[in-house]
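User: I am new to this structure and would like to know what stands behind the terms used for it. Please take the terms one at a time.

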Amino acid sequence: MIRKILCIGAGYVGGPTMAVIAKHCPDIRVVVADINPERVAAWQSGVPPIYEPGLEETLRASLDRNLHFTADVEGAIAEAEMIFVSVNTPTKTFGEGAGRAADLQYWERTARSILQHARGETIVVEKSTLPVRTAEAMERILRNGGGRSRFEVLSNPEFLAEGTAIADLERPDRVLIGGATTPSGQAAIRELVEVYARWVPRDQILTTNVWSSELSKLAANAFLAQRVSSINSISAICEQTGADVLEVARAIGADRRIGAHFLRAGVGFGGSCFQKDILNLVYLSEHCGLAEVARYWETVVEMNQYQRQRFVRRMIRAMFNTLADKRIAVFGFAFKANTGDTRASPAIQMCRDLLAERARVCVTDPRALDSARRDLADAGPGLSFEPDPYAAARGAHAIALLTDWAEYQDLDYERLYAGMERPAFLFDGRNHLDPEKLYRIGFNVYSIGRPDLTSL
Ligand code: NAD
Ligand code: UGA
């Protein structure tokens, strides 16, 4: 029975996942180690460095009881029986595979550190999303490095979504564990199953070989992203034909074989993983000599970029083909609601595109303004940030809603309208607001894949 767990990497995955494991396994000592001392200090203070509904309560339930955070990664490795590796695996920006392959430098550094400092028998669990056959590479490093320990490597990808991380971890659709078919591999799988079985029904804990597990994670994200690109492609047809994408999504989603989830048309998917993981799949396909397969998945990313550009072009056209010196209030910068995360957010490129048109862009967001400032630090003049949406819209020619924050549905749009230039435009990039109501107030309303409501 495992009694000491370590997680290397205290980010969006490591922190929440370990908080939930610690909550359900009071008899297991859970340590989370990270090379970033500020992150560690924030977690250890009980105020997480990331925003996630319900996280703070879950963290505090176990903090300093059986859950601890540390910057002493090496010391923590020496103590652990099971080590989750949850470090970042961004897209490579240099050398071979740049722009597509995963950058495994953080991951490999971790593997070497484990090799050097682990003692006794250690189960290493890949939690990060990794290219297929990475576990094998990890095992080679660990087996042939001349260390003193014996290792078993498992793949246990994470499926949580940001904004709902705690709910997803508490009630996952499934937990996936991949391991070797050898007796020691199977024994390691059983150890990890016993951790999750404290709160996840056993029939929802799937065990597979390592490569199926690694590939399933990439495939799951690719399928989800593909649905978003599919509905976005349909939204473009809707705008040309008078069909309404919400009605189409409801009609096709009612077919149980298709299902209703992930059919919300918008300005495209963002977040740290969808694009990265699809590009990883593309790279893998090319590596396997499967050019057609690579091309197929690449179009999902292309459609995503097209959707963003299309939205900005529509704004330009609607506003008489010029945005120069017009003030545009951007409502929402996070890549989705209920997170302060802006990694690969559609808003980043869209704000840059608006600034390139010489618009004056004022960004507002309830949680992501600090990140937005960092993301657009080099974007030049014409850009401002404003926590209050009413102040952001004052004197604006248009509002562009890019994140579906619930609070944007509760704003007083009469008041917003009163402070804006005429004609006032509202571009709803998430089909989040009631277009009829806004039109009655006086806005010219443009939604995604829905008829324009304009008095011009
Ligand atoms: P993150 O950047 O938020 O966190 C990674 C952490 O690892 C950082 O705090 C970093 O300081 C730390 N780190 C890097 N190298 C280290 C080292 N050598 N030793 C100790 N700590 C180190 O990343 P994340 O969003 O938590 O993602 C982690 C992995 O999980 C990625 O592979 C990602 O694809 C995957 N994933 C993410 C999500 C998500 O919603 N964010 C969901 C499922 C899977
Ligand atoms: C996604 C997956 O949902 C998780 O299962 C996975 O673990 C995670 O990626 C990961 O590997 O990082 P996340 O990116 O946090 O989670 O959020 P999603 O809810 O999937 O949304 C991703 C993007 O797609 C957001 O920008 C969202 O606005 C957009 N989206 C989503 C749409 O435009 N339409 C939809 O119908 C659904």
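Analyst: A polar contact is a pair of N or O atoms within 3.5 Å. The model shown is predicted.

User: What makes Y12 a polar contact of ligand 1?

Analyst: A backbone N or O atom of Y12 is 3.0 Å from an oxygen atom of ligand 1. The cut-off is 3.5 Å, so the pair counts as a polar contact. The side chains of D34 and T89 are treated in the same way: a polar atom of the D34 side chain lies 2.6 Å from a ligand 1 oxygen, and for a polar atom of the T89 side chain the distance is 2.6 Å. On its own, ligand 1 exposes 830 Å², of which the protein buries 92%.

User: Which residues come nearest to ligand 1?

Analyst: There are 25 residues around ligand 1, and D34, R39, T89, E162 and K276 come nearest. A residue is counted here if one of its heavy atoms lies within 4 Å of the ligand. By class, this shell holds 8 nonpolar, 10 polar and 7 charged residues.

User: How do you know that L160 and E162 make polar contacts with ligand 2?

Analyst: A polar backbone atom of L160 is 2.7 Å from an oxygen atom of ligand 2, and a polar backbone atom of E162 is also 2.7 Å from an oxygen of this ligand. Both values are within 3.5 Å, so both pairs qualify. G270 qualifies too, because one of its backbone N or O atoms lies 2.9 Å from an oxygen atom of ligand 2 and the limit is 3.5 Å. Ligand 2 has 690 Å² of accessible area when taken alone, and the protein covers 92% of it.

User: What makes up the shell around ligand 2?

Analyst: The shell has 19 residues, with F159, L160, E162, C273 and F335 nearest. It divides into 11 nonpolar, 2 polar and 6 charged residues. Helix α9 (residues 210–241) gives the largest share, 4 residues.

User: Why are β9 and β10 called a pair?

Analyst: Two strands pair if there are at least two bridges between them. Strand β9 (residues 327–331) and strand β10 (residues 360–364) have 5 bridges in the parallel sense, so they are a pair. As one example, F331 has T364 in β10 as its bridge partner.

User: Why are β11 and β14 called edge strands?

Analyst: The open sheet has 6 strands in the order β11-β10-β9-β12-β13-β14, with parallel pairing. β11 (383–385) and β14 (444–447) each pair on one side only, and that makes them the edge strands. Neighbouring strands of the sheet are turned by 20° against each other on average, with direction ignored.

User: Which strands does helix α12 lie across, and which does α13 touch?

Analyst: Helix α12 (residues 291–318) lies across β9, β12 (398–401), β13 (425–428) and β14, and runs at about 165° to β13. Helix α13 (residues 346–356) packs on the sheet and touches β9, β10 and β11, its direction making about 155° with that of β10.

User: Why are the R422 to P423 bond and N338 singled out?

Analyst: Most residues other than glycine have a negative phi, and most peptide bonds are trans. The peptide bond from R422 to P423 is cis, with omega near -10°, and P423 sits in the loop between α16 (413–418) and β13. N338 is not glycine, yet its phi is near 65°, a positive value. N338 belongs to the loop between β9 and α13.

Conventions:
Residues are numbered from 1 along each chain as its sequence is written. Chains are lettered from A and ligands numbered from 1 in the order in which they are written. This is a predicted model: local features need pLDDT of at least 70, side-chain atom pairs count only at pLDDT 80 or more; totals for chains, interfaces and linings use all residues. Side-chain values use heavy atoms; hydrogens and water are left out. A polar contact is a pair of N or O atoms within 3.5 Å; within protein, one must be able to donate a hydrogen and the other to accept it, and residues adjacent in sequence count only if both atoms are side-chain atoms. Accessible areas come from the Shrake-Rupley method with a 1.4 Å probe; for residues, only the protein chains shown count as cover. Ala, Val, Leu, Ile, Met, Phe, Trp, Tyr, Cys and Pro count as nonpolar, Asp, Glu, Lys and Arg as charged, and the others, Gly among them, as polar. Helices (H or I, at least four residues) and strands (E, at least two) are DSSP runs, numbered from the N terminus. Axes are lines fitted to C-alpha atoms, for helices over the stretch in contact, and angles run from 0 to 180 degrees between N-to-C directions. Contact means heavy atoms within 4.5 Å.
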